[in-house]
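Here is a short walk through one chain, taken element by element. Keep the sequence and the 3D view side by side while reading.

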Amino acid sequence: MAKIKLTKNELKVQKDNLKMYRRYLPTLTLKKQQLQAEIRSIEAKAKEVRSQRERLEAEFGKWIAVFSEKEAFPEGVVTVSNIRRGRGNIAGVDIPTYQGADFSRGDYDLYKTPLWVDIAADCMERAMALDLEAQVLDEQVRLLEAELRSTSQRVNLFEKVKIPEAEKNIKKISVYMADQQVSAVVRSKISKRKIALRDLTAEGEEVYSL
């Protein structure tokens, strides 16, 4: 802890600091709680999106099963041509939002390719869209967790360092100033007593000389 001046001005500085810390701490604590709640909500949403992806795979299992068979399912038949993203804000944090995606279909021989390929391609688009949405949700969580760490550090700094430090400094300065005031009173009384004794002695000497 840095050395402080034991003065009235420093006492005022420390009291102002303490007032500021106590004013901002509830706001930071509320922000921390909001971030925690939002992260849990987004994580739950991401989990649901991935569950939808799993259900889609189960529903179209017979189509998904052939995705890796290049001869049966043409490679690159479905590609992402554009990802539409927006911007949002949660607790002062700018985050990306998923607005959808555009897909392109590769060229393949309609005569040589099985009819189910079109159905499987539709399924793949939906699965890829869910994957993209989950990725954006993961990015939201990452950004909010970074802000949560920063906010938590500030809360801990105020609670465990700044507020106790200011309170300790105020007490130290107040005790010192009180001691100084007592010392000043004592010195004043001693000084007055000395003056009184000196005057009394002077009067005595004057009487004796007469």
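In which loop does Ala 91 lie? The loop is the one between strand S1 (78-90) and strand S2 (93-105). The model shown is a predicted one, and Ala 91 is a place to begin looking at it. Although Ala 91 is not a glycine, its phi is positive, at about 55 degrees. Ala 91 counts as buried because its relative accessible area is 17%, and the cut-off for buried is under 20%.

From this loop, step back to the whole chain. Its secondary structure consists of three helices and two strands. Read from the N terminus, the order of these elements is α-α-β-β-α. The chain has 210 residues, and 29% of them are buried.

Confidence comes next. The pLDDT averages 84 over the chain, and 78% of the residues reach at least 70. Helix H1 (residues 8-59) has the highest confidence, with a mean of 94. Helix H2 (residues 61-64) has the lowest, with a mean of 60.

Now follow helix H1. It is built from 52 residues, and the distance from its first C-alpha to its last is 76 Å. That is close to the expected span, also 76 Å at 1.5 Å a residue. Helix H1 nevertheless has a bend of about 25 degrees, located at Leu 25. A proline, Pro 26, follows within four residues of that position.

Helix H3 contains another proline, Pro 164. How far apart are Pro 164 and Leu 18 in sequence and in space? In sequence the separation is 146 residues, while in space their C-alpha atoms are 8.8 Å apart. Pro 164 is classed as partly exposed because its relative accessible area is 33%, and that class runs between 20% and 50%.

Further along the chain, Val 186 is also placed in helix H3, which covers residues 116-209. Val 186 is one of three residues that make a nonpolar surface patch, together with Val 182 and Ile 190. The area of this patch is about 240 Å². Is Val 186 buried, exposed or partly exposed? With a relative accessible area of 41%, Val 186 is partly exposed. A residue in a patch needs over 30% relative accessible area, so the 41% of Val 186 meets that condition.

How values were computed
Residues numbered from 1 in each chain as written. Predicted model: local features only at pLDDT ≥ 70, side-chain atom pairs only at ≥ 80, totals over all residues. Heavy atoms only, no water. Patch = residues over 30% accessible without salt bridge, like charges linked within 9 Å, V, L, I, M, F, W, Y side chains within 5 Å. Areas by Shrake-Rupley, 256 points an atom, 1.4 Å probe, with all protein chains shown as cover. Salt bridge = Lys/Arg side-chain N within 4 Å of Asp/Glu carboxyl O. Buried < 20%, exposed > 50% of the residue type's maximum accessible area, 1.4 Å probe, protein only. pLDDT = per-residue confidence, 0-100. Expected span 1.5 Å × (residues − 1). Bend = angle between axes of the 7 residues up to and from the residue.
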